[in-house]
Amino acid sequence: MRTIDYTKEPLLKVENLKQHFKVNRNFTVKAVDGVSFSIWPGETYGLVGESGSGKSTVGRSVIRLYDPTDGKIFFDGNDISGKMSKNTINDLRVRMQMIFQDPMASLNPRKTVGDIIGEGLDIHKSYKSRDERTAKIKAILKKVGLAEEHISRYPHQFSGGQRQRVGIARALIMNPKLVIADECISALDVSIQAQVVNLMKDIQEETGTAYLFIAHDLSMVKYISDRIGVLHLGHLVEMGTKDEIFENPIHPYTKSLLSAIPTPNPIAEKTRAAIPYDYATSGLNYSKGSYHLIDGTHYVKCTDEELESFRKKY
Amino acid sequence: MEKILEINNLDITFKTTAGEVHAIRGIDIDLEKGETVAIVGESGSGKSVTMRAVMGILAKNARVNSGTVKFHYKHEDGSAAEVDILTKDKKWIRKHINGKRIAMVFQDPMTSLDPTMPIGKQIMEGMIKHFNMSKDEAWERALRLLNEVGISNAENRMKNYPHQLSGGQRQRVVIAIALSCDPDLLICDEPTTALDVNIQAKILELIKKVQKERGISVIYITHDLGVVAKVADYVDVMYAGKIVEKGNVNEIFYEPTHPYTWGLLSAMPDLETDDDRLYTIPGSPPNLLYEPEGDAFAPRNSYAMKIDKLKEPPMFEISKTHSAATWLLDPRAPKFEMPVEIKNRIERMKLASGGAEK
């Protein structure tokens, strides 16, 4: 079993990250508004929330596809939030990798699988001979459960699950310390989802990479994650270990989210109703809240009075 | 009980440049009035094609080899009628069936609504065409429908365009359109896949409420077993163009018999799953361009026997409502045990539901 040493320095530290998008002179979308969390080496951090809550934006800001409006991001001891030195950029582009949602849209249809996977190696010149390059690609293909002869095929010749394996291979070939998986299983069939999740777990066991697992499927998030952050309207409203979140949710949004998950259990399911939650009528103000410790590593973002009222309703 | 839809031995092939794809290989589905049946399967298993055949909207390259789709309905004057949809031409189906008696809710509300037309007009369209209703009357009814599906401020919303609504609201509008002509049968093709979980729950509850009030029958097409558990009375599990297991919802979830159903059930972790690995079905679904020999599921089935590779299993009856197509049920087959993961899972489910099953 894998153990995570929480006394060590975190691998990724995000402090008060803000990502605003200016639409026009009068209107700015505050996609992410003050989010802080840390990921330790070898850990899986699950980020959940509805569409539009900013979970993908967090992932994209962390890997620096966007320039953060405000806040600090530390990766492996280096500050990667502002302008980076060439060395830092190089290091970041090797050590942090991303797996995207739709494997058909994220793989170049005109390149062979070998070239897609090997592109990172080519750019960072991390091989001495052609043979070494081929050997590396073949090794990674095997690791993700594909065959060596797939190296010369094109993405369209694969099924959906196999394509996502190619996407995973492409991320893993650089030996990343952190992989950002942005809804990487939601486009796949149920039986294939389980295969991919098992594969991701095996690889973590073997290589000790950390995952930032972004998804809206809560049961899968619970299954794969060590710690979970619940994102709503750009605010991280509740975070903690998966047991803390699932056993003892405090924030009404988390409660509503958990109550909405359909379970494959017809007798229980027919009588269960979801708890409604609407930010506009709830009287809460996320931007006023601060983090309150519940127990252990379990935090809720709210004001003192709000916490009081959450507890009363319980 | 009154039968509303009977599909018998339906068999469909598609002609493609690569050859003939045998998408549906003999399907029987019965549906009674007021009931909900869910068709479950992976993409490519043929669940959408079956429903398109019922609606008479198959693609041009489809060929129906055999089978009947019998639909029972009532004329305006109240006399009963029965029709085989497959024998009618598109024009007739459009006039008498589509929208009027069988309505469909599609997966993605953004693509099934017209972006250039206000939603009020889109709801009125069907009523004006099918019932020769006046515009004012249709407007009134559209307003009532919007209220019924839970859209607030309906008066102003009527003039909104689809892009001005959120995803959940759009799907509500699609449901309002489907309900506008008082159909007897509602087909929901993955109605909540594109939506968030909390909105998904609301939409499912809405469909359920409407079904109860109007007494209509609903067919769900989905791959989400959580949704099935919530809404269905009966379940048909499809694989490679065939139904491999059918039964009522409790039989499928608490006494599954087909290895494919086991795989589907355990591939989706419930909130109590803490096994180290998920039990998965290895490999991927077969390409129906090549007719599978024997049982189509055999290559992915760890319980497969010699006979599975040679001969397709027939449906074995387990109880009056429950049957499965697997040779494991043949009296000559060796005794089998379902995987431990599923067993634990079912025990947990029974416990969670308070031992309601007696």
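Let's start at A:Leu233, which counts as partly exposed because 18 other C-beta atoms lie within 10 Å, short of the 20 or more that would make a residue buried. Keep in mind as you look around that this is a predicted model.

Where does A:Leu233 sit in chain A? You'll find A:Leu233 in the loop that joins strand E9 (227-232) to strand E10 (235-241). Its backbone deserves a glance too: phi of A:Leu233 is near 50°, so to speak on the positive side, in a residue other than glycine.

Now hop over to chain B for another residue with a positive phi. B:Asn153 isn't a glycine either, yet its phi is about 60°. This one belongs to the loop between helix H5 (135-148) and helix H6 (154-157) of chain B. Is B:Asn153 buried or exposed? With 10 other C-beta atoms within 10 Å, B:Asn153 is exposed, since the cut-off for that label is 12 or fewer.

That leaves the place where the chains meet. Here 36 residues of chain B are in contact with 33 residues of chain A. On the chain B side, the elements giving two or more residues are helices H8 (197-214), H9 (225-231), H10 (249-254), H11 (259-267) and H13 (340-352). Which of them gives the most? That would be H9(B), with 5 residues. As for chemistry, the side of chain B that touches chain A breaks down into 18 nonpolar, 11 polar and 7 charged residues.

Note on methods:
Residues numbered from 1 in each chain as written. Chains lettered and ligands numbered in written order. Predicted model: local features only at pLDDT ≥ 70, side-chain atom pairs only at ≥ 80, totals over all residues. Helix = DSSP H or I, 4+ residues; strand = E, 2+ residues; numbered from the N terminus. Contact = placed C-beta atoms within 7 Å. Nonpolar A, V, L, I, M, F, W, Y, C, P; charged D, E, K, R; others polar.
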